[in-house]
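Here are my notes on the model you sent over. Have it open while you read, since the points go from one strand outwards to the whole chain.

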Amino acid sequence: MGYGYGVWLKIRDPLINSLTKHTPHVTLMCNMNKIEATALYTNLKLKYGEDYRVYINGLCQHFKDSYGDEDILKACGYYCEIENFKMINKICLNYRGVIPDHPHISTDYTNLHMDNLTLISISPLTDDSLLSLVDINSDNPKEWKILDF
């Protein structure tokens, strides 16, 4: 099942990368088909380029129902702010898919109980993330992959 195709901001920061077992990212949009996700990725890349500044608050917390009631994965991580987010979000609204309630980076996932998640807070930081087209069709976050474009 997973989350279909989507568009992420891939986090480059070495600390965040060391804290996750999957590719760390901020989801701009998910549950898309491949054609729509590719169109959104292309549109954002043409308008804003590939590099996006993300401000990460560093307070690790449980996320509740970020994507809907049918979501089988529970997660924890950091809320963040994205430079030019209102303009990016406005573009996303022109496509079919799901936009998370608030930008965040999930550091740990479980399909069991929230108590199985590891909460690791860090100092706030800024990351220059990379716009990425992704295949997130698996229920296993380790199997999610960035598509070559």
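**Notes on strand β3 and its surroundings**

1. Let's start with a strand pairing. β3 and strand β7 (residues 125–135) run antiparallel and are joined by six bridges. One place to look is Tyr52, which stands opposite Ser129 in β7. Keep in mind throughout that this is a predicted model.

2. β3 has another partner as well. Strand β5 (residues 74–82) pairs with β3, again in the antiparallel sense, over three bridges. Here you can pick out Val54, whose bridge partner in β5 is Ile82.

3. Now look at the side chains of β3 itself, residues 51–56. Which of them are buried? Tyr52, Val54 and Ile56 are, and they point to one face of the strand. Asp51, Arg53 and Tyr55 point to the other face and are not buried. So that you can place the bridge partners: Tyr52, the residue opposite Ser129, and Val54, the partner of Ile82, both belong to the buried set.

4. Glu83 deserves a look too. You'll find Glu83 in the loop between β5 and α3 (85–92). Its relative accessibility is 39%, so Glu83 counts as partly exposed; the cut-offs are under 20% for buried and over 50% for exposed.

5. What does Glu83 touch, once neighbours within four places in sequence are left aside? Its contacts are Arg53, Tyr55 and Ile88. Arg53 and Tyr55 are on the face of β3 whose side chains are not buried. Also, the C-alpha atoms of Glu83 and Asp128 are separated by 10 Å, although the two residues are 45 apart along the chain.

6. Stepping back to the whole chain, there are three helices and eight strands. From the N terminus on, the order is β-α-β-α-β-β-β-α-β-β-β. The radius of gyration is 14 Å, close to the 15 Å that the globule rule gives for 149 residues, so the chain is as compact as a globular protein of that length. The C-alpha trace spans about 40 × 30 × 25 Å along its principal axes.

7. A few numbers on packing. Of the 149 residues, 47% count as buried. Among contacts with a separation of 6 or more, 76% come from residues 24 or more positions apart.

8. Last, the surface and the charges. The chain exposes about 7,800 Å², and carbon and sulfur atoms supply 50% of that. There are 14 positive and 19 negative charges, and their mean positions are 4 Å apart.

Note on methods: Residues are numbered from 1 along each chain as its sequence is written. This is a predicted model: local features need pLDDT of at least 70, side-chain atom pairs count only at pLDDT 80 or more; totals for chains, interfaces and linings use all residues. Side-chain values use heavy atoms; hydrogens and water are left out. Buried means under 20% relative accessible area, exposed over 50%, partly exposed in between (1.4 Å probe, protein chains only). Helices (H or I, at least four residues) and strands (E, at least two) are DSSP runs, numbered from the N terminus. Two strands pair if DSSP finds at least two bridges between them. The radius of gyration is taken over C-alpha atoms; the globule rule is 2.2 Å times the number of residues to the power 0.38. Contact means heavy atoms within 4.5 Å. Accessible areas come from the Shrake-Rupley method with a 1.4 Å probe; for residues, only the protein chains shown count as cover. Lys and Arg count as positive and Asp and Glu as negative; His and the chain ends are not counted. The place of a charge is taken as NZ of Lys, CZ of Arg, CG of Asp or CD of Glu.
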